[in-house]
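Please take a moment to look over the sequence and the model before reading on, and keep both at hand. The explanation goes from whole chains to single residues.

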Amino acid sequence: MKQRGILVRDFSHYYGQTRSLNRINLDIYRNEILGIIGPAKSGKSTFLACLNRLNDLIPGSRVEGKILVDDQDIYGPEVDVVALRRKLGMVFATPVPLPLTIYENIVFGVRLLGNNNRRELDQVVEDSLEKAGLWTEVKDRLHTSALKLSGGQQQRLCIARVLALKPQYIMLDEPTSGLDPISTMKIEDSLRSLKKDYTIILVTNNTKQAARIADRTAFFMMGELVEIDETPVVFTRPSDKRTEAYLEGKFG
Amino acid sequence: MTKLEKNDRLVKLSLLVIALSAISVLAIITVFIFEQGTPIMFRYGLKSFLLGQDWYPSEKSFGLLPMIVGSLMVTLGALLIGVPLGLASAIFLTEFSHRRLTRILKPVIELLAGIPSVVYGFIGLMFLVPFIRNNFGGPGLSVLAASLILGIMILPTVISIAIDSIRAVPDSYREGSIALGATRWQTVRMVVLPAARSGIIAGIILGMGRAIGETMAVIMVAGNAADIPGSILAPVRTLTSNIALEMAYASGEHREALFATGVILFVIIMILNTIANVTSTRQRKK
C-alpha cells in the first residue's frame, strides 16, 4: 500500500490578479518519482515553489486551498517555513552553486543549523556527493571554488547540497534543461537510485525524461492539472485529448 | 583610401588628441606638485617632514606629523561612523525595504552628495560643535566633530556603491540559499555580502578618499591646531586644511612646504586608489 506524503486540495495560486494555478488536486506518494510535464507557463514551476513556499518571496503572491505535507497544513499559521524548506529540498533549472568552495556549498545548510563539528561535516560532504554521483570526480578538490565545475557537475553539486540537509522530498525544476546528454544521463541515474530514500518531484520540459524515470506523470496546462496517472498510462492511453496533443508535439 | 575611411581616420585622430590633452593636463599638475614640493623635502630630510612634530614655518620647522596623524584620525573616525551606517542602509534598501520606498530613498541619498561641503561645515559649526562642547566638554571644535561631519558626507558614496554591488549579486544565489533553509538575514550575511564584498570595499575606499580629501567642512569644525590631538575632543588639523589655511600668505620655503603637504596627500590617495582598484578587479576575476 502506497503511503501518501503530500496532499494538494483545491489549491489555487495568484500573482496579483493573475491566477497561475487553478484548483489543483493531487496526491504525491512516498518514494515515487512524480514527473510534472506541460507547456511553458502551465504553472509547473509555480507549483513547486508553492510546495516549499518559495512563492513567499514574490510580492503579490496569494494562495487558496490547502497543501498538506506529512499531515501538516503548510500555509497554516504555525508553520516553520525554514524547516519546511529543509524538508522539501529544491534543485533549480540553472545550477547555481553559491560563490564558495565545493565543500562549503554542501555544508552551507548544515552550518545554518549550528552544526560545526568538522568530522560530521566531512561525513555529510562525502555521503551527499556519493549519493549525487559526484564524489569520485571532486574528492581531490573539495576546497576549490564550486564555480569552476562544469555545468553537469554543478547541477549534481546542487543535488548533493540539497541531500546534505537530509530532506524527505526532492523537487527538481527542469534540472537537465541546460545540460548535455551524458550529464543528463548521470543525473537521471542518480535520481533513480535516490528514489528508495526520497520522494522526488521532477518538473521537466522533456517529456521523454518523464517517460524514462517517472513512476507517475502529471500534465499541467494553463494552471490546471489536466491529468495524473501511472507514467505508461499517461503516455500510451491518456484520458484527455489535450495530453495526447501535447505528447504528440502539437503544441508546447 | 576611400572617403569614408579617411573620415574614420580623422575622427580617430581628433579623439586621440582630445584624450591626450585631458590626460596631459593631469600629468602636468602632478609634475608641478612634485617639482614644487619635493626639493624642500630632501633639503630638510624626509624624516623631519614625515616625523617632525613641530610646524612653525616662520622658524623653518616643517614637521607634518600632526597633520598626517590628524588626517588619518579624522578619516578613520569618518569610516567608523559612515561605514556601518552606510552598509546598514544599503542592506536595508536592497534586501528588506519595500521596492517603492527604495525608489524614493535612493535618489534622496544621492542628492546628499550634491550638497556643498561648506553647508555641511556650517551646520556642523552651528549645531554639532556647540552640542559637543556642552555635552562632552572641550572646545567642541574637535576630531569628533570632524569625524561626524565627514562620516555623514561619505554616506552617499558608501551607500550607492554598496547598493550597486549588492544588486549585482544574482537573485539565483538568494533563491538557492533560501531554498536551503536560510533566513533572509542569513542569506545576506553568508551569501550576498561575501559575493558583493569587493564592490563594497571599493566603495568604502572611495568614501575614504573623499574623507581624506575634504577640506572646507573640516576646517570649519576641526579647530585646526597643528598639534597631535590628545583625545577625540581635542582640535585637529588635517593635511588639506594645512594647505588651505596658509596658502594665502605663504611664500618661499613655507610655500614649498605646503606643496610638500600636497605631495604627501597625493601619495596617500594614490595608495588608497590602488588598493580600491586591486580589490575590485580581484572580484571580477573570481
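The paragraphs below describe chain A, then chain B, and then the place where the two chains touch. Please keep in mind throughout that this is a predicted model, and that every value given here was computed from it.

Let us begin with the overall build of chain A, which has 10 helices and 10 strands. Along its principal axes the C-alpha trace of this chain spans about 55 × 45 × 40 Å. A useful check is the radius of gyration, for which a compact globule with 252 residues would have a value near 18 Å; since chain A has 18 Å, the two agree. Buried residues make up 44% of the chain, where a residue counts as buried if 20 or more other C-beta atoms lie within 10 Å of its own. If we take the contacts in chain A with a separation of 6 or more, 68% of them are accounted for by residues 24 or more positions apart.

Within chain A, helix α1 (residues 44-51) is a good place to look at burial, as eight of its eight residues are buried. Among them are A:Lys44, A:Ser45 and A:Thr46, together with A:Phe47 and A:Leu48. Just after this helix comes A:Arg53, in the loop between α1 and β4 (61-69) of chain A. Phi of A:Arg53 is near 60°, a positive value in a residue other than glycine. Is A:Arg53 buried or exposed? It has 20 C-beta neighbours inside 10 Å, and therefore counts as buried.

A positive phi is also found at A:Lys166, where the angle is about 50° although the residue is not a glycine. A:Lys166 has its place in the loop between α6 and β7 (169-173) of chain A, and it counts as partly exposed because it has 16 C-beta neighbours inside 10 Å.

We now turn to helix α3 of chain A, whose buried residues include A:Ile102, A:Asn105, A:Ile106 and A:Phe108. The buried residues of this helix pack against α2, α4 (118-131), α5 (135-138) and α6 (151-163) of chain A. The helix is followed by A:Gly114, whose phi is positive, near 95°.

Chain B is built from 11 helices and two strands. If you follow its elements from the N terminus on, two helices come before the two strands, and the elements after those strands are helices. The C-alpha trace of chain B spans about 75 × 70 × 30 Å along its principal axes, and buried residues make up 39% of its 286 residues. Among the contacts in chain B between residues at least 6 apart in sequence, 74% join residues at least 24 apart.

One helix of chain B deserves a slower look, namely α3 (residues 65-96), which has 32 residues and reaches 45 Å from its first C-alpha to its last, close to the 46 Å expected at 1.5 Å a residue. This helix nevertheless bends by about 25° at B:Gly82, and a proline, B:Pro84, follows within four residues.

The largest nonpolar core has 121 residues, and those with the most contacts inside it are B:Ala145, B:Ala146, B:Ile149 and B:Val221. Helix α6 (residues 143-167) of chain B gives this core its largest share, 17 residues. To see how one member is surrounded, take B:Ala146, which, not counting residues up to four places away in sequence, touches B:Val74, B:Val218, B:Val221, B:Ala222 and B:Val236. Apart from this core lies another, of 15 residues, among them B:Ile40, B:Met67, B:Ala226 and B:Ala260.

Finally, we come to the contact between the chains, which takes 17 residues from chain A and 15 residues from chain B. On the side of chain A that touches chain B, α2 (81-87) and α3 (102-112) of chain A each supply at least two residues. The residues of that side divide into 11 nonpolar, three polar and three charged.

A:Leu98, in the loop between β6 (88-91) and α3 of chain A, lets us see this meeting of chains at a single residue. Which residues is A:Leu98 in contact with, leaving aside its neighbours within four places in sequence? In chain A they are A:Asn105 and A:Phe108, while in chain B they are B:Tyr173, B:Gly176, B:Ser177 and B:Val191. With 24 C-beta neighbours inside 10 Å, A:Leu98 counts as buried.

How values were computed: Residues are numbered from 1 along each chain as its sequence is written. Chains are lettered from A and ligands numbered from 1 in the order in which they are written. This is a predicted model: local features need pLDDT of at least 70, side-chain atom pairs count only at pLDDT 80 or more; totals for chains, interfaces and linings use all residues. The expected span of a helix is 1.5 Å times one less than its number of residues. The bend at a residue is the angle between axes fitted to the seven residues ending there and the seven starting there. Two residues are in contact if their C-beta atoms, placed from the backbone, lie within 7 Å. Ala, Val, Leu, Ile, Met, Phe, Trp, Tyr, Cys and Pro count as nonpolar, Asp, Glu, Lys and Arg as charged, and the others, Gly among them, as polar. The radius of gyration is taken over C-alpha atoms; the globule rule is 2.2 Å times the number of residues to the power 0.38. A residue is buried if 20 or more other C-beta atoms lie within 10 Å of its own, exposed if 12 or fewer, and partly exposed in between; C-beta atoms are placed from the backbone. A nonpolar core is a set of buried Ala, Val, Leu, Ile, Met, Phe, Trp, Tyr and Cys residues joined through C-beta atoms within 7 Å.
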